[in-house]
Amino acid sequence: MRLLGALLLGVLALLAFGPAGLALTGQVTLDAFPKDSSVPLAPGTFVPPLLPAYLLGKDPLGGDLLVQVLGGLRRSITAGAAALALAMLIGIPLGLLAGQTSGAASRLVLRLAAWQTPFPPLVLALLGIGVSVAIIPTARPASAGTVLMVIMIGLSRWPGDATLICRAIRHETRQPYADAARLLGVPEAGILVRHILPNAIAPALALVWTNAGLCIADEAILSYAGAGFSPARPSLGTLIRLGQSQDFAAQPLWLLLPCLLLTLVLAGVWLMANAAGRPR
Amino acid sequence: MFIRFAATRFLQALPVLLIASLVAFAVLPAPDTAGQGRGASGLLPERYAQFVIGAVQGDFGLSVAAGKPVGVLLGASLPATVTLITLALVISLAVGVPAGLAAAAARRHRAGSVIAAFANLAGLLPPLATGALVWPALAGGVATGKITTADNAGFLPIPADGTVPVIVPALLVGLFLSAPLIRLLRDGMGRAMESGFIRFAWARGLPRYFVFRHAIANALVPVATSATAQLAALIAISAVAEAVFHRPGAGLMLFNAVAARDWAVLSAMLLLASLTFTCTSVASDLVSYALDPRTRPARTVLRTAR
């Protein structure tokens, strides 16, 4: 399972970030491109140097479909990873704080988490994006929408991480091995670092992978609904939206490819989460 | 005791509603720029009071994109959403509970692993991709619209004729959410069946029915504790299903309000969402208080802090 997941994610990452994918970030000028294609290229088309142009045909905007879809995969993975990092950056320290101490700060963290927990993160992120755009008067440039989306996904996911970590720490500090270390005179910080954290690595890994899948799925849905990546710089969600607005019978690949890639990414992440949650 | 617990729980939820109402008020355009904003005169507190009074009476202002009062739009779309959510909930329970119990009973047989494989597959397929692929298959590949830019009103156009029957999104959401239910029940039943009190019940010669009843009662506890999260996921994924299948409803309204910058609708959806999710959370706490005596003293969600 773990091998299959790693293999799947590795291939996808290679496609998105590898030579074929990375070359797409820059705009390839028309004269730099080998003239082996009978189809004239639309201006501004991104073309990977190693593949023939229009291998899978054109995309809805006239560009190379394969390049567009791989770029969408790259943006989806990047945005999902960024949102995951933000959620963890907030959630893990707050969870440690709430789990290790029992003062006012700990209570405040748990109270905030308890307030936010009943809301589904996706709805919260969507509301957060709407509220930010409504309240912040500056017109947003194209990339600000993406940054805003990543921030909101991260903010919507921290309470889950914090409460899980807090609960795990409180459970472990009550275990006999922690008490034994305490009797031997090991300070609390030492118990945390040397005894509790090694035990918490496996569940933490499962948490990371589960959250990664949720963040990527949220990103796809928000972009699909027009609250994230724009059609000019599409992610997989935007591409699904674009493909759905076209005639499916005439151009099935426009919808099939982004749907397939999104499913494969989430399947890979899910396999990793499943494997990480299982004791070795 | 129960009354006191319920009262405390409601009081603790009040700040959320207060914050939500303040944000919902702040989202509305200021009266001098928009011109026709409600409570156009008066100081900020006065306008806020007018806003709250209006919201309580179902008056959320005028939707810019639709040109109709938000209350009217909500009244038209909420029944469809409630139908979808109810149907999806019924499907997820009707599939999840029997399948979870069967998977636990047949854990060592092929049938058990078939059910487990179904649960894995159903939980793995993203509703967005699945729904987006089911829809053209149903619509027979009919062109549904043109590419629109992100900031135009009606980013997700609602087709006048090609509305998908409610059972399709309900099946999508229900099957997706039955997967975690199956896993929870299978694991819970498995753990219960191997625990000491069940072994004792067998040893005592209790009839099979009573033994399973004890085990099921124990396996249901984790299901009850995760009910809030499951209900929240149900509502969120129903909104996604509405968007993917372009079914008019509250979820589609919310997605479109953000894309079209329709702040009156966004404000109303904020209030509606905070009210809904606060109520589900309070209700599920009260249910688990009534069901499971162990959650009663100081170990409820309220008092996780020791």
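**Figure 1. Confidence along chain B of the predicted model****.** In chain B, the mean pLDDT is lowest in helix α2 (residues 31–34), at 52, and highest in helix α4 (residues 70–105), at 90. Chain B averages a pLDDT of 79, and 82% of its residues score at least 70. The model has an ipTM of 0.81 and a pTM of 0.83.

**Figure 2. Stretches of chain B with pLDDT under 50****.** Residues 33–39 of chain B stay under 50 in pLDDT. For these residues the model has eight contacts beyond four places in sequence. The pLDDT is also below 50 over residues 140–161 of chain B, a stretch with 51 contacts in the model beyond near neighbours in sequence. Where pLDDT is low, predicted coordinates should not be read in detail.

**Figure 3. Packing of α4(B) against α5(B)****.** Helix α5 of chain B spans residues 110–124. The axes of α4(B) and α5(B) come within 9 Å and cross at roughly 140°. This angle is not over 145 degrees, the cut-off for roughly antiparallel, so α4(B) is oblique to α5(B). The crossing of α4(B) past α5(B) is left-handed. On the α4(B) side, the contact is made by B:Val95, B:Ala99, B:Ala102 and B:Ala103; α5(B) contributes B:Gly112, B:Ile115 and B:Phe118. By class, the contact of α4(B) with α5(B) has six nonpolar residues, one polar and no charged. Glycine counts as polar.

**Figure 4. Packing of α11(B) against α12(B)****.** The axes of α11(B) and α12(B) are 9 Å apart, and the two helices pack at an angle of about 135°. The angle therefore makes α11(B) oblique to α12(B). As in the preceding view, the crossing is described by its hand: α11(B) passes α12(B) in a left-handed crossing. From α11(B), the residues in contact are B:Ala250, B:Met253, B:Leu254, B:Ala257 and B:Val258. They meet B:Val265, B:Leu266 and B:Met269 of α12(B). The residues of this contact divide into eight nonpolar, no polar and no charged.

**Figure 5. B:Arg261 in the loop between α11 and α12 of chain B****.** The loop holding B:Arg261 follows α11 (250–260) and leads to α12 (263–291). The phi angle of B:Arg261 is near 55°, a positive value in a residue other than glycine. Is the residue B:Arg261 buried, partly exposed or exposed? B:Arg261 has a relative accessible area of 32% and is therefore partly exposed, the range for that class lying between 20% and 50%.

Key. Residues are numbered from 1 along each chain as its sequence is written. Chains are lettered from A and ligands numbered from 1 in the order in which they are written. This is a predicted model: local features need pLDDT of at least 70, side-chain atom pairs count only at pLDDT 80 or more; totals for chains, interfaces and linings use all residues. Side-chain values use heavy atoms; hydrogens and water are left out. Helices (H or I, at least four residues) and strands (E, at least two) are DSSP runs, numbered from the N terminus. Buried means under 20% relative accessible area, exposed over 50%, partly exposed in between (1.4 Å probe, protein chains only). pLDDT is the predictor's confidence in each residue, from 0 to 100. Contact means heavy atoms within 4.5 Å. Axes are lines fitted to C-alpha atoms, for helices over the stretch in contact, and angles run from 0 to 180 degrees between N-to-C directions. Angles under 35 degrees count as roughly parallel, over 145 as roughly antiparallel, 65 to 115 as roughly perpendicular and the rest as oblique. A crossing is left-handed if the near helix is turned anticlockwise from the far one by less than a right angle, and right-handed if clockwise.
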